[in-house]
Amino acid sequence: MPARIHRAFHRLGIILTLPILAVVIWGFVEWLRGQFPPTVTIDDIALVSAMAAAAAVLVYLTCRAVGWFLAELLQ
């Protein structure tokens, strides 16, 4: 049973993280196409990408922590 809980929350973490990463990739592609004003620089893109990566890691690790907690609670 704990292994199932771990797998379920691992998958949930990935599912919740993918939209964050998809939006960052989409934004980067739009920046490369020149769809943003010229005042948006690569430094801005790097900062937003780093914040999104940190948010994705936080979402994934939160899901995993909840999974670990529930697995221990239900044992």
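E30 sits in helix α1, which covers residues 2-32. What you have in front of you is a predicted model, so please hear every number in this talk as computed from that model.

Let me stay with E30 for a moment. Is E30 buried or exposed? Its relative accessible area is 16%, and the cut-off for buried is under 20%, so E30 counts as buried. Setting aside residues up to four places away in sequence, E30 touches Q35 and F36.

E30 also has a charged partner. Its side chain meets that of R33 in a salt bridge, with 3.3 Å from N to O. The two ends of this pair are not covered alike: E30 is buried at 16% relative accessibility, whereas R33 is exposed at 58%. How many salt bridges does the count give? The count comes to one.

Next, an arginine without such a partner. R64 is found in helix α2. R64 is buried, yet it has no salt bridge. Where is the nearest side chain of opposite charge? That side chain belongs to E72, and it is 11 Å away from R64. A salt bridge has to fall within 4 Å, so at 11 Å the pair of R64 and E72 does not qualify.

Which residues does R64 contact, then? Leaving out neighbours within four places in sequence, R64 is in contact with H6, F9 and H10.

F9 comes up once more, this time paired with A55. A55 lies in helix α2. Between A55 and F9 there is a separation of 46 residues in sequence and of 17 Å in space, taken from C-alpha to C-alpha. As for its surroundings, A55 has a relative accessible area of 32%, which makes it partly exposed.

Last, the surface. Which residues make the nonpolar patch? They are M1, F69, L73 and L74, and the patch has an area of about 490 Å². One of these, L74, is placed in the segment after α2, the helix that runs over 42-73. L74 has 52% relative accessibility, and exposed means over 50%, so L74 counts as exposed.

To go back over the two charged cases: E30 and R33 form a salt bridge at 3.3 Å, while R64 is buried without one. On the surface, M1, F69, L73 and L74 make the nonpolar patch. That is the end of my part.

Terms used
Residues are numbered from 1 along each chain as its sequence is written. This is a predicted model: local features need pLDDT of at least 70, side-chain atom pairs count only at pLDDT 80 or more; totals for chains, interfaces and linings use all residues. Side-chain values use heavy atoms; hydrogens and water are left out. Buried means under 20% relative accessible area, exposed over 50%, partly exposed in between (1.4 Å probe, protein chains only). Patches are made of residues with over 30% relative accessible area and no salt bridge: like charges are joined within 9 Å, nonpolar side chains (Val, Leu, Ile, Met, Phe, Trp, Tyr) within 5 Å. Accessible areas come from the Shrake-Rupley method with a 1.4 Å probe; for residues, only the protein chains shown count as cover. Helices (H or I, at least four residues) and strands (E, at least two) are DSSP runs, numbered from the N terminus. Contact means heavy atoms within 4.5 Å. Lys and Arg count as positive and Asp and Glu as negative; His and the chain ends are not counted.
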